[in-house]
Amino acid sequence: MRPLIRRLISLVVSLLVASAVIFAVVDLVPGDPASFMLGTGAQPDTVAALRAQMGLDLPWPVRYARWLGGVVTGDLGTSLAYKTPVAGMIADRVQVSLPLAVLALGLAIAVAFPAGMFAASRRGRAGDVAVMGGTQLGIALPNFWFAMLLVLVFAVRLRWLPAGGFPGWGHPLAALKSLILPAVALALPQAAILARVLRSALIETLGQDYIRSARAKGLSRGQALRRHALRNALIPVLTILGMQFSFLLAGAIIIENVFYLPGLGRLIFQAISQRDLVVVQSAVLVLVAAVIVVTFLVDLAYAAVDPRLRGR
Amino acid sequence: MIGVHGLSVRLHGREVLSGIDLPLPPGTITGLVGESGSGKSMTALAVIGLLPDGARTAGAVTLDGQNLLDLPETTLNGLRGRRIGMIFQEPMTALNPLMTIGDQVAEVLVRHQGMDRAQAAARARERLDRVGLPLPRFPLGLYPHQLSGGQRQRVAIAMAIALAPDLLIADEPTTALDVTTQAQILDLLRGLVRDEGMALLLITHDLAVVAGIADRVAVMQAGRIVEHGPTEALFRTRAHPYTRALFAAAAHSPNPARTAPAGTAILRVTDAVREYTLPRPTPLAPHPVLRAVDGVSLTIADGESVGLVGESGCGKSTLTRAILGLDRLQGGRIELDGEAVTDRMPARLRAKVQVVFQDPYGSFDPRWRVDRLVAEPFHLTGRPRDWRDRVAEALAQVGIPPDAMRRHIHEFSGGQRQRIAIARALIVRPRLVVLDEAVSALDVQVRAQVLDLLADLRRRHGLAWLFISHDLSVVRAISDRVLVMDQGRIVEDGTTEQVLSAPRHGVTRRLVAATPVIPAGWIA
Amino acid sequence: MRAGLVLGAVLTSVAVAAALLSFVWTPFDVTGVSIADKLRPPSAAHPFGTDHFGRDMLSMVMVGARTSLAVALVAVGIGVGAGVPLGLLAAARGGWADEVVMRGNDLVFAFPSLVIAILITAAFGPSAVNAILAIGIFNIPVFARVTRAAALPIWTLDYIRAAQVAGKGRARISVEHVLPNLASLLIVQGTIQFSLGILAEAGLSYVGLGAQPPTPSWGRMLAEAQTMVTLAPHVAIVPGIAIVLTVLGLNLLGDGFRDALDPRLKARLA
């Protein structure tokens with residue numbers, strides 16, 4: 001399994017470089033992080049104590065190595081604001097953010113695939129024009145504004161779903177209900193993009209010679225679309241799906257603020273306002289690592305779909 | 001039996017086929033010939049019911065007394081692949097890259113006969129054996145990218161004949177293939193018609209192919225069949241003027257008037273070696289090496305015309321790149337007019353060799369105007385003050401009027417583009433011109449004109465030519481001497497007459513034997 | 001789809017005209033606070049109503065257009081300025097140069113613009129410049145990839161070979177032959193990134209990582225509107241519609257350009 005090993009190595013390298021970038025930006029900020037955190041009126045000896053506590057008096061390679069060593073062993077340091085382990089805080093928050101992103105991705109796929117296939121099979125006709133018009137609107141929607149509208153309609157006016165907050169997974173049904181509106185707000189604009197990409201990929205593959213061969217074998221248009229075009233169109237769609245996951249994660253950070261969900265995004269903004277850089281650093285690392293791992297998985301999926309990429 | 005009766009097709013208000021009559025009796029091969037755009041492929045698509053959206057038909061395509069043109073789409077789906085099969089020109093793209101060849105053949109059987117997987121696989125196996133893809137080399141689990149072009153065309157044929165249809169339509173099935181592969185595929189088709197008793201409609205632009213295989217021939221021009229009859233009789237009589245013009249062009253050989261080459265060498269290649277490293281098969285193994293050019297030596301005298309032939313993959317493209325100074329050698333030496341050719345040779349030396357490429361569409365930047373395109377090689381010599389006059393003069397020499405200078409390349413036909421490419425090659429007055437498959441993409445009549453032009457220019461300028469082609473008949477028409485290349489080596493070198501009439505090396509013999517020719521007696 | 005192109009051009013022109021006009025004239029002064037007039041619904045005097053400080057929403061939307069368009073435009077400029085040369089280099093040189101550019105791209109791609117903005121804000125504090133930098137940096141790999149992907153097939157064409165035989169180097173060929181043939185594609189991608197930039201700017205300003213008070217911006221207007229959305233829905237709806245229409249206009253324009261410029265999209269066999 002040589003190609004897998006090579007991809008794994010490249011995954012590890014990407015993670016290392018990304019962690020170095022995050023470390024560099026947060027740790028090497030102009031001025032002293034310790035005094036930055038304590039504010040301008042801090043006593044010099046308080047600053048010095050904090051510096052020693054944070055290990056800031058050590059040279060930066062040592063600090064990076066220590067931080068990285070901590071990350072690998074699951075120790076992300078201690079929050080300066082809450083004095084609790086950052087790893088535990090992040091673990092709590094991921095329980096909200098990850099289900100939200102996954103739910104949104106599933107929703108986006110569930111909407112986009114039928115819509116894209118429908119539009120491609122009716123290319124240029126009324127159904128296609130209607131679906132494409134709808135996706136244009138979907139792409140133009142800022143998800144957080146759409147979220148506000150959803151709250152206005154479904155929470156404030158109709159009272160079907162909660163306007164915000166999260167009861168915790170101890171109440172699974174209520175928890176799921178409180179994730180529905182955020183997931184819809186996240187998913188719809190992404191579904192619009194995905195449907196458009198799928199449609200144009202399908203139209204592109206429908207023009208290929210092997211579709212003509214399939215038709216000459218006696219397959220109907222619909223059969224040729226489903227059996228031959230769809231799988232070939234999946235290749236560009238996979239690329240977009242991988243990128244969309246990172247958009248969904250980023251979007252979730254904003255959406256969590258609309259719905260007051262205690263996810264990773266809310267944690268980051270609280271940390272920024274409290275100048276809790278240890279938390280910012282670790283939370284950002286988790287987000288970026290998630291994106292890199294998803295990219296890696298998409299790479300593997302390519303090989304599963306396309307025999308030409310196997311063994312390469 | 002299937003027949004076409006008074007078929008007309010209108011596409012976007014324009015009549016593209018008018019009154020086509022074509023019987024397609026079982027066990028018979030019908031050749032449909034004509035130039036590109038004459039409506040050959042459109043006829044085929046009309047027969048199998050795959051015309052583009054918006055096409056309107058009149059007349060009839062009959063099968064068992066039914067008019068296929070009147071049948072609903074679902075009924076046609078049931079006929080396609082079962083009663084009528086079709087294969088296309090481009091084997092590289094005609095198969096689904098994500099599906100195994102076994103599944104693609106089996107799909108026809110599952111679709112039409114509802115076979116289960118095991119039955120369909122067994123039958124697919126048998127059909128692949130029939131088209132010359134036997135075990136153990138060709139298991140059902142292979143993917144198309146693991147096969148060569150000729151092998152993929154065999155898979156396409158297996159798909160089309162899986163249910164022994166009444167009619168097989170083959171649209172330029174060998175145009176994208178080497179001559180030797182072409183001969184094998186034509187043999188296979190001939191055998192299938194004989195064994196299975198199907199009718200074959202063979203569409204081609206190549207009269208020699210038709211002469212060798214077809215029982216009957218129909219000649220198409222501008223959407224009409226102008227002449228139709230048994231092959232030999234039609235070839236001998238050539239009743240219609242268009243047929244005569246087509247045959248004259250195919251048999252055309254430019255006025256020889258060969259100039260005696262001077263004694264000095266313009267190009268001397270000595271022991272040239274070009275290797276490519278391939279990916280390692282296992283992590284610690286060394287990189288395997290492909291020797292694309294393996295110790296080639298050749299000489300071209302000033303004013304001499306040399307043909308270089310070989311099948312695809314023989315190394316001729318790599319050698320050409322090295323001669324043009326686009327690629328460096330790992331061993332040996334190339335000298336142009338006594339100086340070393342490298343990828344960073346001085347402009348003065350580079351100006352002594354120019355090139356004309358095969359593809360008349362890809363050879364020009366679509367955003368540049370003709371004057372700028374033709375003047376591009378002046379980059380080597382410095383653009384003279386009278387460059388516009390020089391461009392006009394070069395265009396005049398190739399028969400392109402000077403008002404072409406301010407136009408874009410898409411406004412010209414394939415033949416005109418190739419003339420403009422020749423003007424571009426000649427603008428800096430090189431001593432050697434490399435013609436890389438320069439007429440392969442042209443229709444026979446245009447090809448004849450361009451070959452005449454090339455012969456004329458050589459007489460006037462005393463140029464030396466290296467004419468690279470897979471097509472022996474073209475090389476025969478234009479070269480003094482022929483080199484045959486195989487697996488990175490020159491395997492034969494001699495005068496054109498000598499090499500083509502008495503080939504010594506096995507590869508040359510295979511090439512000569514595989515090249516289709518119209519029997520000499522037919523065109524007297 | 002000519003209608004789409006026209007509609008796109010009209011919507012985009014309106015947004016640009018509103019932004020430009022706001023430099024010399026707005027219906028009301030956006031710095032003037034008039035608590036007595038707060039949260040008025042749309043009326044003849046205030047066609048879009050007023051906000052919680054009694055400011056005219058139409059004037060606010062016009063000035064806000066300035067911020068949104070400027071941030072997105074400069075961010076596209078950063079993306080084109082750095083990404084296109086990198087993409088051209090990767091395609092022209094291949095080998096290790098290609099590898100370095102593409103791996104760098106992958107790395108930047110792992111940082112969504114919001115994450116970049118978070119990092120910059122953590123390091124330097126919030127400002128509108130952060131938004132420009134964050135979106136601009138994210139645009140670089142987008143343009144690098146598009147450029148490289150479109151340049152690679154051009155490099156296999158014979159007219160490139162002809163230019164090489166004419167003694168031209170890779171850099172010169174990239175500028176003379178490759179770039180002009182990419183121009184239409186880059187224009188299309190530019191409009192797409194422009195519209196994405198407007199969305200991203202709105203998002204960043206909404207969470208407080210972009211434009212800071214008192215600079216009006218559509219995203220900030222929405223952030224301020226959130227607590228009042230039940231009292232006066234128009235304060236949330238008006239800026240949102242401004243964003244939607246501008247982004248829609250740019251997308252329609254981009255699609256229209258692509259259809260007009262790409263002859264491949266013309267009818268094909270069904």
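**Entry 1: around B:Ile213**

I began with B:Ile213 and looked up which residues it touches once those up to four places away in sequence are left out: they are B:Ile29, B:Leu186, B:Arg190 and B:Leu202. I note here that the model I am reading is a predicted one. The place of B:Ile213 along the chain is in helix 7 of chain B, which covers residues 207–213. I then asked myself whether B:Ile213 is buried or exposed. The count for B:Ile213 is 19 other C-beta atoms within 10 Å, and because a residue is called buried from 20 upwards, B:Ile213 is classed as partly exposed. I also looked up B:Thr30, which lies 183 residues from B:Ile213 along the chain, and found that their C-alpha atoms are separated by 8.9 Å.

**Entry 2: the six-stranded sheet of chain B**

From B:Ile29, one of the residues that B:Ile213 touches, I went on to the bridge partner of B:Ile29 in strand 8 of chain B, which is B:Leu200. The strands concerned are strand 3 (residues 29–33) and strand 8 (residues 199–204) of chain B, and they pair in the parallel sense over five bridges. Both have their place in an open sheet of six strands in chain B, whose order I wrote down as 6-7-8-3-9-10 and whose pairing is mixed. At the edges I found strand 6 (84–87) and strand 10 (224–230) of chain B, each of which pairs on one side only. On average, and with direction ignored, neighbouring strands of this sheet are turned by 15° against each other. Helix 9 of chain B (residues 241–250) packs on this sheet, where it touches strand 9 (216–221) and strand 10 of chain B, and the direction of the helix makes about 100° with that of strand 9 of chain B.

**Entry 3: the four-stranded sheet of chain B**

Chain B also has an open sheet of four strands, with the order 2-1-4-5 and antiparallel pairing. Strand 2 (14–24) and strand 5 (66–67) of chain B each have a single partner strand, so one side of each is left without a neighbour in the sheet. I looked more closely at strand 4 (residues 55–63) of chain B, which runs antiparallel to strand 5 of chain B and is joined to it by two bridges; B:Leu63 has B:Gln66 in strand 5 of chain B as its bridge partner. Helix 1 (residues 40–48) of chain B lies across strand 1 (2–11), strand 2 and strand 4 of chain B, and it runs at about 70° to strand 2 of chain B.

**Entry 4: two packed helices of chain B**

Next I turned to helix 3 (residues 101–113) and helix 4 (residues 117–130) of chain B, which pack at an angle of about 115° with their axes 8 Å apart. Their crossing is right-handed. Among the residues that make the contact are B:Val105 and B:Leu109 of helix 3 of chain B, with B:Ala124 and B:Leu128 of helix 4 of chain B. By class, I read eight nonpolar, one polar and two charged residues for this contact of helix 3 with helix 4 of chain B.

**Entry 5: where chain B meets chain A**

The contact between these two chains takes 26 residues from chain B and 19 residues from chain A. Which elements of chain B each supply at least two residues of the side that touches chain A? I found helix 2 (73–79), strand 6, helix 3 and helix 5 (149–161) of chain B, and the largest share, four residues, comes from helix 3 of chain B. By class, this side of chain B has 13 nonpolar, eight polar and five charged residues.

**Entry 6: where chain C meets chain A**

Here the contact takes 32 residues from chain C and 38 residues from chain A. On the side of chain C that touches chain A, helix 9 of chain C gives the most, with eight residues. By class, this side of chain C has 24 nonpolar, six polar and two charged residues.

**Entry 7: chain A itself**

I closed with chain A, whose secondary structure comes to 12 helices and zero strands. Of its 312 residues, 42% count as buried, and its C-alpha trace spans about 85 × 60 × 35 Å along the principal axes. Chain A is divided into domain 1 (19–72) and domain 2 (99–309), and 38 Å separate the centres of these two domains of chain A, taken over C-alpha atoms.

Technical notes
Residues numbered from 1 in each chain as written. Chains lettered and ligands numbered in written order. Predicted model: local features only at pLDDT ≥ 70, side-chain atom pairs only at ≥ 80, totals over all residues. Axes fitted to C-alpha atoms, helices over the stretch in contact; angles between N-to-C directions. Left-handed = near helix turned anticlockwise from the far one by under 90°. Contact = placed C-beta atoms within 7 Å. Nonpolar A, V, L, I, M, F, W, Y, C, P; charged D, E, K, R; others polar. Domains from an automatic or database assignment. Pairing = 2+ DSSP bridges. Buried ≥ 20, exposed ≤ 12 C-beta atoms within 10 Å, placed from the backbone.
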